[in-house]
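Me: I have a structure open and would like to go through the reasoning behind its labels. Could you take my questions one at a time?

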Amino acid sequence: MRCRLRLVYNNIMKTIIEDIRTGQFQPVYLLYGEETYLIRQYRNKLRDAMAAEDDTMNVSFFEGKDVNARELIDLAETLPFFAERRCIFVDSSGFFKKSMDDFADYMAEIPSTTHFIFTESEVDKRGKLYKQVKKYGRPVEFVRQTESVLMQWVLGRLKKEGRRITRPVMELFLSKTGTDMEMIEQELEKLLSYTLDKEVIEAEDVEQICANQISGKIFAMMDAIADKQQKNALRLYHDLLLLKEPPLRILFLLTRHYQIMMQLKDLADKGFDYKYMAGKAGVPEFAVRKYIGQARKFSVQQLRKSVREGVQSEEDIKTGKIADRLAVELLILQFSA
């Protein structure tokens, strides 16, 4: 079943590539799901294909929960200025998780010269807006990739650079990064720079560059939070900042960590095995035991509340209500109180 689902998923992504190849673009695209790296990549592909790089007159960007649907419609009705099309990019609006009937109806009336590109982490497929996008445009879900797919992706990157790696070293590398493609990309760039004069990447290289990096420190931070060790949790957070990791990135990983624990705790209570749970949660099988061990220290209600608080903090940061570094610090203090 997993292979068949992966094939369908790849074919759906290929429809975007085919649209770009033919120049036959949909009136509206909805790119959504957990894999933010792929969402960003395909959004950028559409941006590059649909408008000139320096075209600021006909390309508009909106972000956040305060985006006004009426403003979007007014802009969509404006003819492009000396160009073939007008492109409106809308990121993290939350439109697809609430009632937007009037805006949903407008999906059937989008002018032929206007194209909407929405990017969201979550959508309600039962909602009218999603159904309208599915009817008149192209919704594409980007899910977490399996460990085997990620290995092939990394191998492809290494091959382009003329590098090689053994399977045990590859597994070590992924154990440090987790399955988030954005994290893998960042750590791979560091590893390639560190091993610039080497053809074969070795375990020592991975340990030198990736040891004590994000994945391990996030787990350690979560242990400190669960054990109410505030000073230790804050020390680990400051260690991550010293490693030049952006606070928003740390917040994303912290919130995702709570989400994974919540999901695995539920699956474990239902009696599923580690292999099944790893596939559902999108984490390596060897990491499931660590997540479940931490999850036992929290109730489901605590995990759910922590996820909500993390999402709210991210929104507060993006809307300028609080500085990113302070927001994450306050959240850690709250979680470990």
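**Reasons behind the labels**

Reply: Happy to, and one label makes a good start: Lys318 has a relative accessibility of 43%, so Lys318 counts as partly exposed, the range between 20% and 50%. Please keep in mind that this is a predicted model.

Me: What makes Glu314 and Lys318 a salt bridge?

Reply: Their closest N and O atoms are 2.9 Å apart, and the cut-off is 4 Å, so the pair qualifies. Both residues sit in helix α15, four residues apart, which means about one helical turn separates them. Glu314 is partly exposed, at 28% relative accessibility.

Me: How many salt bridges does a search of the whole structure find?

Reply: The search finds 24 salt bridges. One of them joins the side chains of Lys297 and Asp223, at 3.4 Å from N to O. This pair links distant parts of the chain, 74 residues apart: Lys297 is in the loop between α14 and α15, and Asp223 is in helix α10.

Me: Why is Lys297 called partly exposed?

Reply: Its relative accessibility is 39%, and partly exposed covers values between 20% and 50%, so Lys297 fits. Asp223, with a relative accessible area of 30%, is partly exposed by the same cut-offs.

Me: How do you know that Asp227 forms a salt bridge with Lys297?

Reply: The closest N and O atoms of Asp227 and Lys297 are 3.7 Å apart, which is within the 4 Å limit. Asp227 lies in the loop between α10 and α11, and Lys297 in the loop between α14 and α15, so this pair ties together parts that are 70 residues apart in sequence. Asp227 is partly exposed too, with a relative accessible area of 40%.

Me: Why is Ser313 called buried?

Reply: The relative accessibility of Ser313 is 10%, and buried means under 20%, so the label follows. Ser313 lies in helix α15. Leaving aside neighbours within four places in sequence, Ser313 is in contact with Leu251 and Leu331.

Me: And what makes Glu122 partly exposed?

Reply: Glu122 has a relative accessible area of 45%; exposed would need over 50% and buried under 20%, so Glu122 falls in between. Glu122 lies in the loop between β4 (114-120) and α5 (128-136). The C-alpha atoms of Glu122 and Lys65 are separated by 13 Å, and the two residues are 57 residues apart along the chain.

Me: Let's turn to helix pairs. Why are α7 and α9 called roughly parallel?

Reply: The axes of α7 (residues 167-177) and α9 (residues 203-210) cross at roughly 10° and come within 9 Å. Angles under 35 degrees count as roughly parallel, and α7 and α9 are therefore roughly parallel to each other. The residues that meet are Val169, Leu172, Phe173 and Lys176 in α7 and Ala203, Val206, Glu207 and Cys210 in α9. By class, this contact has six nonpolar, no polar and two charged residues.

Me: What makes α13 roughly perpendicular to α14?

Reply: The axes of α13 (residues 274-281) and α14 (residues 285-295) cross at roughly 90° and come within 9 Å. The range for roughly perpendicular is 65 to 115 degrees, so α13 earns that description relative to α14. From α13, Tyr274, Lys275, Met277 and Ala278 make the contact, and from α14, Glu285, Val288, Arg289 and Ile292. Sorted by class, there are five nonpolar, no polar and three charged residues in the contact of α13 with α14.

Me: Which residues have the most contacts inside the largest nonpolar core?

Reply: They are Met221, Ile225, Tyr258, Leu264 and Ile332, in a core of 41 residues. Helices α10 (214-226), α11 (230-242), α12 (247-269), α13, α14, α15 (300-318) and α16 (324-335) each supply at least two of its residues. Helix α12 gives the most, with nine residues.

Me: What is Ile332 in contact with, leaving aside its neighbours within four places in sequence?

Reply: Ile332 is in contact with Met221, Ile225, Ala233, Leu234, Tyr237 and Leu254. Apart from this core lies another, of 37 residues, among them Tyr29, Leu38, Met181 and Leu188.

Methods:
Residues numbered from 1 in each chain as written. Predicted model: local features only at pLDDT ≥ 70, side-chain atom pairs only at ≥ 80, totals over all residues. Heavy atoms only, no water. Axes fitted to C-alpha atoms, helices over the stretch in contact; angles between N-to-C directions. Parallel < 35°, antiparallel > 145°, perpendicular 65-115°, else oblique. Contact = heavy atoms within 4.5 Å. Nonpolar A, V, L, I, M, F, W, Y, C, P; charged D, E, K, R; others polar. Core = buried A, V, L, I, M, F, W, Y, C linked by side-chain atoms within 4.5 Å. Buried < 20%, exposed > 50% of the residue type's maximum accessible area, 1.4 Å probe, protein only.
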